[in-house]
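Please explain how this structure is put together. I am new to it and would like to be led through it part by part.

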Amino acid sequence: MDTQVKFLHGENIPLEMHKVRIVQKLFLPPVEKRKEYMNEAGNNTFLLQNRDVFVDMLTDSGVNAMSDRQQAAMLVADDSYAGSETNNRLKNKLKEIFGTEYFLPAHQGRAAENILSEAFVKPGMVTLMNFHFTTTKAHITRLGGSVEELISKEGLEPTSDNPFKGNFDLELLRKRIEEVGPDKVAFVRIEAGTNLVGGQPLSMENMLAVAKICKEYGVLSVMDASLLQDNLYFIKTREAAAKDMSLREITRTLADAMDIIYFSARKLGFARGGGICMRDEALCKKMMEYVPLYEGFLTYGGMSVREMEAITVGLEETMDMDVISQGPQFIKYMVDELTKYGVPVITPAGGLGCHLNASEILPHIPQSQYPAGALAAAMYIAGGVRGMERGTLSEQREPDGSERFAEMELLRLAVPRRVFTLSQIKYVIDRVEWLYDNRELVGGLEFYDEPKVLRFFFGRLRPTSDWQDKLVAKFRKDFGDSL
Ligand code: F0G
């Protein structure tokens, strides 16, 4: 842990560099109820009611705690439709941080992806990226494009001590651009950091090399900066070349190399919104028309002006190491404790959350019965903890209807920023350890209602046997009348 505060007895725990001033009451239903609620929700954690969730680790999207300064800024928002001062403030902050002259607002990250895809993806075109994100791929394939993932080999190895597992395989990138032909490559998307492979970061060196290859072949480089906050922390703490650079310098170095930067401000900026930044006016014009069509006028793009003010302040706070270190430090604590106990988790600790490796925890469940989904359901039953399946359920079926088995079967326990205390994190670790001890009781899931697009959001599944009853009985045996 790279905290600057040392404890008398050398204890190595993350220390919150903020205090809590607004709270939300939580409820923990008894285990029998948790089993019932999980089944009412079709064994899909997206369909649980928040009132039934004790520790909500579904996502870090739009659920990060805001600062007092962000809340104060929301009061001075300028509602005017055109020429809004709020828009000017956000645009200027983005220009200050990224050095980009132009900004197209969008209501969230996937809306930016929709605009980018509409502007640059034509049927038969290829997009190259270190790894896909669900919404990104859905938009690109909807328009007849395809997605190719060029993550380095180690990116898909669950355990490693490579500090930058999100890196591109640079040789493969060059090879694929040449094979496909640069004019058939819609863009190269740099997901910094990655989402579906355990929040693993990319190095500054790798990103700059990718951008250089793009320039060489005249291919657009597009950075998805949704998870940039954590990635900046990892560059600063893990990459020798960046050790003496400020967060602003690192951000600017990366941004200067890219043609386009887009982001979900539900993650970057601790609020809710999104947008696309670029230096080049011609690029901006190619995308601009889609903003009023899909999002709203160019001064707000579907966002509330209050949220825009909060993003402006949130971006400024992202340039502060005390602020951005909190997430990665809590995640590292979880990863270290679970590793000590022997629970298979993705290593090294990344951003976004702690990722449990469901394939290794539940090797007896075939991928066709969604081991990561089963682990998500079991985790809720075990502790009222809501995680997110990041495995085969989160994939789309192939055009012929066959399953596309995910490279990794993960249960993501996201750590929203500044939201949970260390005792809540310890409780989650405790329940994961209990579940690990009882992993043989956990069985598979099967769909009884499967939507065609983004099925993980609304799909409903049932357990393939009475394994959940057995899990509840074991909980009672081990914990007595505890909640
Ligand atoms: N890109 C990345 C890397 C993301 O993590 C997300 C969202 C998006 C794009 C889309 O942004 O949600 O604002 O439309 N990730 C969320 C998550 C949903 O839970 O990981 P959005």
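In this predicted model, an N or O atom in the side chain of R412 lies 2.7 Å from an oxygen atom of the ligand. Taken alone, the ligand exposes 470 Å², and the protein buries 96% of that. Two further contacts have a distance of 2.8 Å: one runs from a ligand oxygen to an N or O atom in the side chain of K267, and another runs from a ligand oxygen to a polar backbone atom of G109.

The ligand has 18 residues around it, and those that come nearest are T59, R110, D224, S264 and R412. By type, the shell divides into 3 nonpolar, 8 polar and 7 charged residues. Helix α4, residues 109-120, provides the largest share of this shell, with 3 residues.

R412 leads on to the strand that holds it. Strand β12 covers residues 410-414, and 5 of its 5 residues are buried, so the strand is largely enclosed by the rest of the structure. Buried here stands for a relative accessible area under 20%. The cover applies to both faces of β12: L410, R412 and A414 are buried on one side, and L411 and L413 are buried on the other.

Two strands pair with β12. One of them is β9, residues 353-357, which runs antiparallel to β12 and is joined to it over 5 bridges. In this pairing L356 stands opposite L411. Strand β11, residues 388-390, also pairs with β12 in the antiparallel sense, over 3 bridges. There M388 is the residue opposite R412, the residue whose side chain comes to 2.7 Å from a ligand oxygen.

D224, also listed among the residues nearest the ligand, belongs to strand β6, residues 221-224. Both faces of this strand are covered as well: S221 and M223 are buried on one side, V222 and D224 on the other. Strand β5, residues 185-191, pairs with β6 over 4 bridges, in the parallel sense. Opposite D224 in this pairing stands E191.

These strands can be placed in a wider annotation. An unreviewed UniProt entry places the feature "domain: Aromatic amino acid beta-eliminating lyase/threonine aldolase" at residues 56-428. Over residues 56-428 the chain is 43% helix and 13% strand. The C-alpha atoms at the two ends of this stretch are 10 Å apart.

A loop position comes next. N64 is found in the loop between β1, residues 55-56, and α2, residues 68-74. Is N64 buried or exposed? Its relative accessible area is 6%, so N64 is buried. The side chain of N64 also reaches the backbone oxygen of D60, at a distance of 2.8 Å.

The last stop is the segment before α1, the helix of residues 31-40, where V5 lies. V5 has a relative accessible area of 38%, so this residue is partly exposed. From C-alpha to C-alpha, V5 and F54 are 30 Å apart in space, and in sequence they are 49 residues apart.

Methods. Residues numbered from 1 in each chain as written. Predicted model: local features only at pLDDT ≥ 70, side-chain atom pairs only at ≥ 80, totals over all residues. Heavy atoms only, no water. UniProt positions renumbered as here; feature names shortened; annotations may be inferred. Near = heavy atom within 4 Å. Polar contact = N/O pair within 3.5 Å; in protein donor to acceptor, adjacent residues only side chain to side chain. Areas by Shrake-Rupley, 256 points an atom, 1.4 Å probe, with all protein chains shown as cover. Nonpolar A, V, L, I, M, F, W, Y, C, P; charged D, E, K, R; others polar. Buried < 20%, exposed > 50% of the residue type's maximum accessible area, 1.4 Å probe, protein only. Pairing = 2+ DSSP bridges.
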